[in-house]
Amino acid sequence: MGSEKKQFWCGGADHVRPSRRDMLYVGMVGGLSLTLGKYFGMTGRLANAEQKFYESKEGVAKSVIHIFLPGGMAAQESWDPKPLAPIEYRGPLGTTPTKLSGEVFSELMKNSAQVADKITIVRSMTHGEAAHERGTHNMFTGYRPSPALQFPSMGSVVSEEFGSKNNMPPYVCIPAQPNTFAGSGYLSSAYGPFSLGSDPANGGFKVQDLNLPGGIDDNRFGRRKTMLEAVDAHF
């Protein structure tokens with residue numbers, strides 16, 4: 001069998017010459033505001049998309065610090081001062097220039113402005129919830145509240161997917177779990193946050209549950225651990 005000879009549109013090597021059926025199809029969809037140029041552009045992009053392969057690259061960051069500020073400062077008084085907006089929207093504070101051309105922060109954030117080229121400010125993040133509690137749920141879980149399902153927090157999902165690293169808890173809350181939405185939801189409680197139980201800024205700071213209780217020495221603790229392992233193995 002001989003190879004079939006290909007014909008190309010206008011002599012080019014990228015577009016196959018359309019058949020009579022293709023021309024009738026383009027004429028039909030032309031009534032839907034799809035022109036001949038748009039048709040060939042769409043088919044060309046689809047063909048290229050099937051051939052392209054995008055390599056997946058692991059990000060540089062290995063950890064995330066999520067600072068939750070319930071009732072925190074407003075965006076127009078911090079990262080998004082809106083200097084060109086009316087006074088009702090931009091707030092009473094002035095602005096300070098950053099290391100990025102054309103970008104400004106609140107006048108109270110001069111130090112942050114000096115590292116603006118090393119951070120990413122997301123000013124478009126929002127949610128459609130009218131209540132703070134529902135909005136908090138959305139920010140911790142990525143989902144709207146459901147009466148039938150208790151969603152896990154993003155920290156618990158990371159804990160379940162990646163596990164601990166260097167024998168350290170994968171998900172830590174400081175000083176404690178801030179609300180129910182920061183918990184493990186429908187996942188096992190094993191993926192819940194490890195709470196420090198104390199504020200590192202206070203004097204005499206000590207992480208909870210790292211020392212043995214009073215009257216419990218290493219030998220007694222070892223026996224208790226052995227009993228727990230036996231029970232877990234049996235059940």
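Let's start with charges: Asp 80, Lys 82, Glu 103 and Arg 123 are linked in a network of salt bridges. Please keep in mind that what you see above is a predicted model. A search of the whole structure turns up 6 salt bridges. As general background, side chains of opposite charge can pair when their charged atoms come close.

Let me walk you through some other pairs. Asp 117 forms a salt bridge with Lys 118, and their closest N and O atoms are 3.7 Å apart. How exposed are these two partners? Asp 117 is partly exposed, with a relative accessible area of 40%, while Lys 118 counts as exposed at 62%.

Now please find Glu 129, which takes part in a salt bridge with Arg 134, at 2.6 Å from N to O. Glu 129 also meets the side chain of Arg 144 in a salt bridge, here with an N to O distance of 3.2 Å. What does the pair of Arg 144 and Glu 129 tie together? Arg 144 lies in the loop between H5 and H6 and Glu 129 in the loop between H4 and H5, so the pair connects parts that are 15 residues apart in sequence. Is Glu 129 buried or exposed? Glu 129 is buried, with a relative accessible area of 12%. Its partner Arg 134 is partly exposed at 37%, and Arg 144 counts as exposed at 53% relative accessibility.

Let's step back to the whole chain for a moment. The protein chain has 7 helices and 4 strands. Reading from the N terminus, the order of elements is α-α-α-β-β-α-α-α-β-β-α. Of the 235 residues in the chain, 18% count as buried. The accessible surface comes to about 19100 Å², and carbon and sulfur atoms account for 55% of that. If we take contacts between residues at least 6 apart in sequence, 30% of them join residues at least 24 apart.

Next, the inside. In general, nonpolar side chains in soluble globular proteins tend to be buried together. Which residues make up the largest nonpolar core here? That core has 5 residues: Phe 140, Tyr 171, Cys 173, Phe 181 and Ala 182. I'd like you to click on Phe 181. Leaving out neighbours within four places in sequence, Phe 181 is in contact with Glu 133, Thr 136, His 137, Phe 140, Thr 141 and Ser 153. Phe 140 from that list is also a member of the core.

From there, let's move on to helix H6, which covers residues 154-162. Gly 155, Ser 156 and Ser 159 are buried in this helix. Seen down the axis of H6, those buried residues fall within an arc of 100°, so they line one face of the helix. Which exposed residues sit on the face turned away from the buried side? Those are Glu 161 and Phe 162. Right after H6 comes Gly 163, which has a positive phi, near 70°.

Met 154 belongs to H6 as well, and it is partly exposed, with a relative accessible area of 42%. Apart from neighbours within four places in sequence, Met 154 is in contact with Met 139, Phe 140 and Thr 141. Take Thr 141 from that list: it and Met 154 are 13 residues apart in sequence, and their C-alpha atoms are 5.5 Å apart in space.

Now a look at the surface. Met 73, Trp 79, Val 115, Ile 119 and Ile 121 make a nonpolar surface patch of about 400 Å². Where does Ile 121 sit? You'll find Ile 121 in the loop between helix H4 (110-113) and helix H5 (132-141). Ile 121 is partly exposed, with a relative accessible area of 31%.

My last stop is Ser 198, in the loop between strand S4 (194-195) and helix H7 (218-234). Is Ser 198 buried or exposed? With 18% relative accessibility, Ser 198 counts as buried, because the cut-off for buried is under 20%. Not counting residues up to four places away in sequence, Ser 198 touches Pro 175, Phe 205 and Lys 206.

If you'd like one place to revisit, try Glu 129, the buried residue that has salt bridges with Arg 134 and Arg 144. Thanks for listening, everyone!

Conventions: Residues are numbered from 1 along each chain as its sequence is written. This is a predicted model: local features need pLDDT of at least 70, side-chain atom pairs count only at pLDDT 80 or more; totals for chains, interfaces and linings use all residues. Side-chain values use heavy atoms; hydrogens and water are left out. Helices (H or I, at least four residues) and strands (E, at least two) are DSSP runs, numbered from the N terminus. Buried means under 20% relative accessible area, exposed over 50%, partly exposed in between (1.4 Å probe, protein chains only). Contact means heavy atoms within 4.5 Å. Accessible areas come from the Shrake-Rupley method with a 1.4 Å probe; for residues, only the protein chains shown count as cover. A nonpolar core is a set of buried Ala, Val, Leu, Ile, Met, Phe, Trp, Tyr and Cys residues joined through side-chain atoms within 4.5 Å. The arc is that of the directions from the helix axis to the C-beta atoms. Patches are made of residues with over 30% relative accessible area and no salt bridge: like charges are joined within 9 Å, nonpolar side chains (Val, Leu, Ile, Met, Phe, Trp, Tyr) within 5 Å. A salt bridge is a side-chain nitrogen of Lys or Arg within 4 Å of a carboxyl oxygen of Asp or Glu.
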